[in-house]
Amino acid sequence: MSRKSTSDACKHELLLFTPSSYAAQAGYCTPTAHQRSMAASVPTPASSNPKNKAKKASVPQDRSAAAFPAPIVLPGDDLAEESEDSQQGVSEWLKMKERNSVTPRKKVVYVVAPPAIEDDVDFISTWSHPELPNELVDSIAAPRFEDLMKYLEAFYHGLTVKQLPPANLSFTGWEESSSIVGKRKAKFATPQYIGVNTSKECIRIRTRGRAGSVYTRQLNLDDLLDVAISILPADAYALLLLIEHDLFEDDDDEFVCGRAYGGSRVAVISTARYHPVLDAAQNVERNHAWPASHCAAYTRACCSEAVHSRPPVKKRSKIHLGGQQKSDPIILSSFASSSVRELGIRPLEAAVSAHAALPSLNSKNLPVEVLSGLWLGRVCRTASHELGHCFGIAHCVYYACVMQGSASLTEDARQPPYLCPVDLAKLLRATGADAIERYRALLAFCNEHTETHLFVAFAAWLNGQLGKTDS
């Protein structure tokens, strides 16, 4: 059965709670229950007792596979390509020398809206507009900055989340004495550089065009991270800079969606590639986005088609034209699936049911409000992920988790919005927040966005964790 045939008509009757049959072939070793339990445990203070035991983090929640399934690991996924990723439990996280602690003087998470555009470079506003013959390009509203702020306030409950005043942050022309591209020339040539004015300096930003890209020109991510470091306030624990333009990191990249310098406590994300009008071109599956990504029929179809279908569009794509080997056909074994009816009302089942009850995201006449919500949900999930790195949290290998690495936009859509027990224990330790109060804050946000599939499903999952049967 193809992915296309499993999409609109699929009822997600069987759910996959273990990695796919492809995972072992790719070299992914599923952590044992004991390894996961120990990873979520907080070591007791050192003592003279050589058998000093670890204490499990106090996280009152359903920790079963019905709430926290394993990573799916499909062909092309991050864990399939990087199966040697190290495991970071709470103990390893606590021992990190590079990890920054929240202190009374550094306890604010700042979020920065996209820089303003000065008149001398007003033409760069077209760079964030996808060049597609689609009438919805201009109809779908971009994610509201206020909504992103509210989501991060709930996700990082226990810390203060503030907007950094944007008055002194703007794109401008970049002048070099040896360059013909300056403020006066900028309107008549495509500049190799633009500048970002801060209250202290003007920082050079590299730009580039890329043949075949849906965006006219991209901005360099590393340069924008330098901007984030430059504007980091003294009381900041971390800072997230939001950018509307498409980004690149080096010459081999097709594009990147974001990056964090965890040790420097800054992150930058772009909203560009999450625009719903790009989904078909980027091979993003909407109806089997989380939580329906755990549909057994869908994962089976992904594995069986992997050899014959086009590769997913990578978030950080390095293209090698030679030296590739043809993959062997993928042999499917039986899936360790459970009927949703066998599990009772549990978090993942509740999320899948809520997702399936909404209109198909592949419908041709979806209201633009639904598509705007789809865009917002993707940006919220990426923002929470990149800020997680500022807390020293590495990519997760234990569970399906918002802190999983993602090798493509296809995989990105399959990732959940929640933190697994291991990474939640780290965040609660860092922020001092209460797990239940944090869940309630996230639920309150989700209940304000009932037009968005991701947040409706997340609300059902949260209700399952809170022991509620209502949505």
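This is a short walk through a few local features of the structure above, taken one at a time. Keep in mind as we go that the model is predicted.

Let's start with charges. Across the whole structure, a search turns up 10 salt bridges. I'll pick out some of them. Take Arg144 first. Arg144 forms a salt bridge with Asp147, and their closest N and O atoms are 2.9 Å apart. Arg144 also forms one with Glu146, where the closest N and O atoms are 3.9 Å apart. That second one makes the list because the cut-off is 4 Å. Put together, Arg144, Glu146 and Asp147 make up a network of salt bridges.

So how accessible are the members of that network? Arg144 is partly exposed, at a relative accessible area of 47%. Glu146 is partly exposed too, with 43%. Asp147, on the other hand, has 10% relative accessibility, so it counts as buried.

Now for another pair, Arg286 and Asp279. Their side chains meet in a salt bridge at 2.7 Å, N to O. Are these two buried or exposed? Both Arg286 and Asp279 are buried.

Okay, on to helix H10, which covers residues 368-390 and has Ser372 in it. Ser372 is buried, with a relative accessible area of 14%. What does Ser372 touch, if we leave aside its neighbours within four places in sequence? The answer is Ile140 and Ala141. With Ala141 we can be a bit more specific: a polar atom of the Ser372 side chain lies 3.0 Å from the backbone nitrogen of Ala141.

Gly373 is in helix H10 as well. Its relative accessibility is 3%, so Gly373 counts as buried. If you have the structure open, find Pro276 too. Gly373 and Pro276 are 97 residues apart in sequence, yet C-alpha to C-alpha they are 9.8 Å apart in space.

Next, helix H9, residues 347-357. Eight of its 11 residues are buried, so the helix is largely enclosed by the rest of the structure. Which residues are the buried ones? They are Pro347, Leu348, Glu349, Ala350, Ala351, Val352, Ala354 and His355. And what sits over them? The cover includes strand E1, residues 14-16, and helix H14, residues 453-465.

Let's switch to strands. E13 runs over residues 258-261, and its side chains alternate. Gly258 and Ala260 point to one face and are buried, while Arg259 and Tyr261 point to the other face and are not buried. E13 has a partner, strand E14, residues 266-270, and the two pair in the antiparallel sense over four bridges. For one example of a bridge, Arg259 is matched with Val268 in E14. Between the two strands of this hairpin there are four residues, and Arg265 takes a positive phi near 65°.

Last topic, cysteines. How many disulfides does a search of the whole structure find? Zero. Cys10 is in no disulfide, and the nearest cysteine sulfur, the one on Cys295, is 3.4 Å away. A disulfide here needs the sulfur atoms within 2.5 Å, so that pair does not count as one. Elsewhere, Cys29 has 62% relative accessibility, so Cys29 counts as exposed.

To recap two points: Arg144 sits in a salt-bridge network with Glu146 and Asp147, and helix H9 is largely enclosed by the rest of the structure. That's it from me.

Notes
Residues numbered from 1 in each chain as written. Predicted model: local features only at pLDDT ≥ 70, side-chain atom pairs only at ≥ 80, totals over all residues. Heavy atoms only, no water. Buried < 20%, exposed > 50% of the residue type's maximum accessible area, 1.4 Å probe, protein only. Polar contact = N/O pair within 3.5 Å; in protein donor to acceptor, adjacent residues only side chain to side chain. Contact = heavy atoms within 4.5 Å. Pairing = 2+ DSSP bridges.
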